[in-house]
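Colleague: I am new to reading protein models, and I would like to learn how to describe a residue by its surroundings. Could we go through some cases together?

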Amino acid sequence: MDRDQYLLPGIIILVVIVVLVIALSFSGNNSFNMGTVSFEYPNTWSQENVVGNFTNNTIYSQVTLTTNYAGPNGTNQPAYILIQMQPKSKGTLNLPSTDTIVTNTSNSSVASTSINNVTATQIGSFGTDIATKYTVIDKDNFYYIVSYIAPVSTFNQTEKSYNSILTSLKLN
């Protein structure tokens, strides 16, 4: 009889623990840490591929994060966040000015911001179908570029994930 008295509360406690473990596995963040780059990204995003090793002797490194949002008619709408590292070129590089880029792209903007006490430039564009944003960080002998491309309908969710990555980004 004493055993039956503890059976039901034991089952309830076990079920609560299993539910908590499952809930914690679907919430929170994943971590990326390779070479000189580390950041956290939401569990709803998955790491697709890594090119290079994000060290000081690399010519190019990139990690791609993807997620799918529910779209119209039950279709999946993918969104992408890319983190890139590349050495600065030696010599002269003739690029168009940001003013030229902005005036040739509708619904675009350029801003300056700080990522972990390093100045960065952000360029964003919001079109009829696609939203994009690039954050270019000039640190030491490298450019670090964090960008996203997403359907306009998922802009808010993607922007939130993008900003959480920028907040946790560490460049050693």
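Modeller: We will look at two glutamines and then at a nonpolar core, keeping in mind that this is a predicted model.

Colleague: Is glutamine 77 buried or exposed?

Modeller: Burial is judged from the relative accessible area, and buried means under 20%. Glutamine 77 has a relative accessible area of 16%, and therefore counts as buried. It lies in strand 5, which covers residues 76–87.

Colleague: With which side chain does the side chain of glutamine 77 make a polar contact?

Modeller: The partner is the side chain of serine 153, at 2.8 Å. Beyond four places in sequence, the residues in contact with glutamine 77 also include Thr67, Tyr69, Pro151 and Thr154.

Colleague: What is the relative accessible area of glutamine 47, and how should I read it?

Modeller: The value is 35%, and because partly exposed covers the range between buried and exposed, glutamine 47 is partly exposed. Glutamine 47 is placed in strand 3 (residues 46–51), and, with residues up to four places away in sequence left out, it touches Phe32, Tyr41, Val63, Thr64 and Leu65.

Colleague: Which residues of the largest nonpolar core touch the most other members?

Modeller: A core is read by asking which buried nonpolar residues are joined through their side chains. Here the core has 28 residues, and those touching the most other members are Val37, Phe39, Leu65, Ile81, Ile83, Ile137 and Leu169. Strand 9 (142–151) is one of the elements that supply at least two residues, and its five residues are the largest share.

Technical notes: Residues numbered from 1 in each chain as written. Predicted model: local features only at pLDDT ≥ 70, side-chain atom pairs only at ≥ 80, totals over all residues. Heavy atoms only, no water. Helix = DSSP H or I, 4+ residues; strand = E, 2+ residues; numbered from the N terminus. Buried < 20%, exposed > 50% of the residue type's maximum accessible area, 1.4 Å probe, protein only. Polar contact = N/O pair within 3.5 Å; in protein donor to acceptor, adjacent residues only side chain to side chain. Contact = heavy atoms within 4.5 Å. Core = buried A, V, L, I, M, F, W, Y, C linked by side-chain atoms within 4.5 Å.
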